[in-house]
Amino acid sequence: ITRYAWRIALSGLAFASLTAATLGSTLPVIPLPVTMTNRAGVFTLCPGQPVPGVPTRAATKIFVDSASFQNGQYLAMMLFRSTGNEFVVSTNAAAGPIRGAVLLTTINALSTLGAEGYELSIAPDSVVIRAPAQAGVFYGVQSLLQLLPPQIMSLQPVNGVAWTAPCVYIQDYPRFPWRGVMLDVSRHFVDKQEVKRVLDGLALHKINRFHWHLTDDHGWRMQINSYPALTSTATTNTGAWRTGIDYGQNPAASPAWNSIGKYGGYYTQDDLREVVAYAQQRFITVVPELEFPAHCSAALVSYPLSLGCGNVGSRYNMDNINYSYTLFSLATNWMFFTNVLTEVMNVFPGQYIHCGGDEVTATGDTQWTTYAPDANQMTALGISTGGGSASIQKYQRWFTTNLTAFLRSNGRTLVGWSEIEAAGTITNAVLMEWETLAGNQTASNGQSVVMAPNGINYYQEDDANTPLNEPFF
């Protein structure tokens, strides 16, 4: 997927354990359901020849109970854009199949399926999607769409398609509560419309967490009203704009260039709220990530003297993909961290706020031990400034503990990469483990962990005989 950096949270790509019925099936339902039983026959949704430019009223109806109306509208929208048929959505309190109709209902749903589970029953003359809650109804809709011809995902009406689905009975529920994908827009920016297309793909595959990596060394992508220079357009590099596309990419590979030839972009807070609402309609929780306390060159370029460790702006380089000077001063910027996170919480309503925390020592930046405000604070905390990486990790742990407490006081939960616990467990934080089996994870019993192993943190295409065509991330 060109220009995207992806990391998949493996705490939930598979929806559930496989059964004999599942393994014996060849139907294209992703993830494979807990139970799937083939039945004879097919269900015909509508005719396959729309009249160009003339919407046709479909004979098949969509009936919903009162709770499922929004999901019914979503299904009608998805079917209309590719089939050219308008599907009427009406409320109906029926508990069972209705001839010539698709029924979405929570009536008589199995409570054992949980909030995201569902039943899908397709017969030659009817379809029933039944679930205890609306997330389950939505996932049942996704499975129905997957069972229709692939042209169902077209953005325009398609001619000559037999809009049929095989008859089947599915019962499904997720094995993991967190099923996530990360999109890194710091290295390579994509606009909100493209992000929405990503969300559509996640929804189709029943992914329920969108981890949005909004800041790093190479770009700050979120408008922060209290610190406007983070995203301002200027003749020199600022947080949202850098000189080149970098990573060996052809400059023509992306349209993300501004009028003065800088590469990048950012989202206004209204843009972000729009994406959050779009995700919520698809039962996806957005987990924003802003990097603290390293990988922050984009912020340091914008406010070098106030945010960094005493360096002038020319010391920071957003085009340096090998890192170097990339640490916030922790002794002087608590107000910056809390102001930024307050604005983040005002935009993103989800429980989890990702604060990064990775590679603080791996960047090789040791300025905390020599910059007087931080060195003095380390000493006051009883942390030696001469202990190398161990001292830096202890100082980071002190900082992350305070961030965790601040978010918790606001009803939120901090998420951080493996390295936040290099010096010990952070109570009340969620560990996102990418350094699997590296030996430095210290999650205690009962701590929530999201697995995102580094083994899948690579190119979508990887042919040793040809040049790699996507950027490292």
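Strands in this account are DSSP runs of E of at least two residues, numbered from the N terminus. The model described is a predicted one. Two regions are considered in turn: the residue Thr105 and the strand β19.

Thr105 belongs to strand β7, which spans residues 101-105. The relative accessible area of Thr105 is 0%. Because buried means under 20% relative accessible area, Thr105 is classed as buried. A polar contact is formed by the side chain of Thr105, which reaches the backbone nitrogen of Ile107 at 3.0 Å. When neighbours within four places in sequence are left aside, Thr105 is in contact with Asp65, Ser68 and Ala94, and also with Ile129, Arg130, Ala131 and Val137.

Strand β19 comprises residues 413-417 and is mostly covered, five of its five residues being buried. The residues of β19 point in two directions: Thr413, Val415 and Trp417 point one way, whereas Leu414 and Gly416 point the other way. Residues pointing either way from β19 are all buried.

β19 pairs with two strands, β18 and β20. Pairing with strand β18 (residues 352-354) is in the parallel sense and runs over three bridges. Within this pairing, Ile353 has Leu414 of β19 as its bridge partner. Strand β20 (residues 430-433) likewise pairs with β19 in the parallel sense, over three bridges. Here the bridge partner of Gly416 is Leu431 in β20. Leu414 and Gly416, which take part in these bridges, point the one way from β19 that is opposite to Thr413, Val415 and Trp417.

Note on methods:
Residues numbered from 1 in each chain as written. Predicted model: local features only at pLDDT ≥ 70, side-chain atom pairs only at ≥ 80, totals over all residues. Heavy atoms only, no water. Helix = DSSP H or I, 4+ residues; strand = E, 2+ residues; numbered from the N terminus. Buried < 20%, exposed > 50% of the residue type's maximum accessible area, 1.4 Å probe, protein only. Polar contact = N/O pair within 3.5 Å; in protein donor to acceptor, adjacent residues only side chain to side chain. Contact = heavy atoms within 4.5 Å. Pairing = 2+ DSSP bridges.
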